[in-house]
Amino acid sequence: MSRVYNFSAGPAVLPEEVLKEAAAEMLDYNGTGMSVMEMSHRSKAFEEIIQTAEKDLRELMNIPDNYKVLFLQGGASQQFAMIPMNLMKNKVADYIVTGQWAKKAWQEASKYGKANKIASSEDETFSYIPDCSDLPISEDADYVYICENNTIYGTKFKTLPNTKGKTLVADVSSCFLSEPVDVSKYGIIYGGVQKNVGPAGMVIVIIREDLITEDVLEGTPTMLQFKTHADADSLYNTPPAYNIYICGKVFKWLKNMGGLEKMKELNEKKAKVLYDFLDESKLFKGTVRKEDRSLMNVPFVTGDADLDAKFVKEAKEAGFENLKGHRSVGGMRASIYNAMPMEGVEKLVEFMKKFEEENK
Ligand SMILES: *Cc1c(COP(=O)(O)O)cnc(C)c1O
């Protein structure tokens, strides 16, 4: 068996300890004589898995008691519709468009009401975060929406927008659990787990209780109402059970690592190694405004598409996988999520130095 350094943006690298534990428990979970995949979601064993996962997540993120934690299907993209359907009481919402994911969310919300694009960085291919200190927030906006870390472009909000008292909704898919957050500043924080937490197909929604109501847009399916899942503690129907189990293991791993303060420190150190190199390199260049750089997704280019392709190919041969940039932007992107060890980043930088030397 040999593992590669996997720089994929998602589905992405998971902690090796977690994968090994899951493998060891595959045929017989904790003396039940069956895999978690084969188990009733109403069983005692699964009840403990989901409850422990929620408890650990609450501890990690310091989630206040007036927030519900929901484990839902449909990935992050399902939330693009579910959020307006549940929150658009006035049928007005303000969107800050800082990348493809925010743009998709904004377009989806436009189906259900008046979705205002109040700021955007599309004019410069989403390479920066606009100033959000004094935006024209709509007086009757039901919420203000952001994508906090832009997976494709590699930018991150370092300060949250001034929503002028309106509820903030944030897609944190690609920065979930990468650093501490003050949950109380948000109405909803949600993330697809396949970037930084677990296998694809599940989204975790952390939602303030007063936003969970029966007053949803007409025609909203039962499965797309927050209340359905909140009332049933995410067990209204069969939940993504194996996914919850793996996420639970990742939460334990994060706690053992020292929690989110510690992860932030490690993530900053890792990102610095790569960004420092990009800043001094004569061949490779980072593509986003320095102040807005993401700790998780690091896009870079040589400025020559053929040389980019050569780099991606040779990197792959050397055991560095998935460095090709998103199809919409080209170049390269190294996603360095929680589970990417420092060693992986250091070796990548060594490889980049060698490549630069050979391609002067
Ligand atoms: C990947 C991603 C999504 C889409 O996730 P799916 O689970 O595939 O729907 C949405 N938002 C962000 C920020 C992402 O990185």
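A backbone N or O atom of alanine 76 lies 3.0 Å from an oxygen atom of the ligand, a polar contact in the sense of a pair of N or O atoms within 3.5 Å; within protein, one atom must be able to donate a hydrogen and the other to accept it, and residues adjacent in sequence count only if both atoms are side-chain atoms. This is a predicted model, in which local features need pLDDT of at least 70 and side-chain atom pairs count only at pLDDT 80 or more, while totals for chains, interfaces and linings use all residues. Residues are numbered from 1 along each chain as its sequence is written, and side-chain values use heavy atoms, with hydrogens and water left out.

Let me stay with the ligand. Serine 77 places a polar side-chain atom 2.6 Å from an oxygen atom of the ligand. For threonine 151, a polar side-chain atom is found 2.4 Å from an oxygen atom of the ligand. The residues around the ligand are Gly75, Ala76, Ser77, Phe80, Trp101, Cys147, Asn149, Thr151, Asp171, Ser173, Gln194 and Lys195; a residue is listed as near if one of its heavy atoms lies within 4 Å of the molecule.

One of these residues, glutamine 194, leads to the next site. Glutamine 194 sits in the loop between β9 (188-192) and β10 (202-208); helices (H or I, at least four residues) and strands (E, at least two) are DSSP runs, numbered from the N terminus. Is glutamine 194 buried or exposed? With a relative accessible area of 18%, glutamine 194 is buried, where buried means under 20% relative accessible area, exposed over 50%, and partly exposed in between (1.4 Å probe, protein chains only). Apart from neighbours within four places in sequence, glutamine 194 is in contact with Gly10, Pro11, Ala12, Pro199, Ala200 and Met202, contact being heavy atoms within 4.5 Å.

Two of those names bring us to the backbone. The peptide bond from glycine 10 to proline 11 is cis, with omega near -10°. Proline 11 belongs to the loop between β1 (5-6) and α1 (16-24). In general, most residues other than glycine have a negative phi, and most peptide bonds are trans.

On the matter of phi, threonine 125 has a positive value near 40°. Threonine 125 lies in the loop between β4 (114-120) and β5 (144-147) and is exposed, because its relative accessible area is 59%. Lysine 164 also has a positive phi, near 50°.

Lysine 164 opens a short run of residues in the loop between β7 (155-156) and β8 (168-171). Lysine 164 is partly exposed, at a relative accessible area of 41%. Glycine 165, in the loop between β7 and β8, counts as exposed at 77% relative accessibility. The C-alpha atoms of glycine 165 and glutamate 139 are 10.0 Å apart, with their positions 26 residues apart along the chain.

Lysine 166 is likewise in the loop between β7 and β8, and its 23% relative accessibility makes it partly exposed. Which residues does lysine 166 contact, leaving aside its neighbours within four places in sequence? They are Ile137, Ser138, Glu139, Asp140, Ala141 and Val144. Within this set, the backbone oxygen of glutamate 139 lies 2.6 Å from a polar atom of the lysine 166 side chain.

I turn now to the helices. The axes of α7 (residues 259-280) and α9 (residues 342-358) come within 9 Å and cross at roughly 10°; axes are lines fitted to C-alpha atoms, for helices over the stretch in contact, and angles run from 0 to 180 degrees between N-to-C directions. Therefore α7 is roughly parallel to α9, given that angles under 35 degrees count as roughly parallel, over 145 as roughly antiparallel, 65 to 115 as roughly perpendicular and the rest as oblique. Among the residues in this contact are Val273, Leu274 and Phe277 of α7, and Val345, Leu348 and Met352 of α9.

Serine 281 is in the loop between α7 and β11 (285-286) and counts as buried at 11% relative accessibility. Its side chain reaches the backbone nitrogen of leucine 283 at 3.0 Å. Serine 281 and lysine 353, 72 residues apart in sequence, are 8.1 Å apart in space, C-alpha to C-alpha.

Finally, lysine 249 is in helix α6 (residues 241-257) and is buried, because its relative accessibility is 12%. Not counting residues up to four places away in sequence, lysine 249 touches Val18, Glu21, Ala22 and Glu25.
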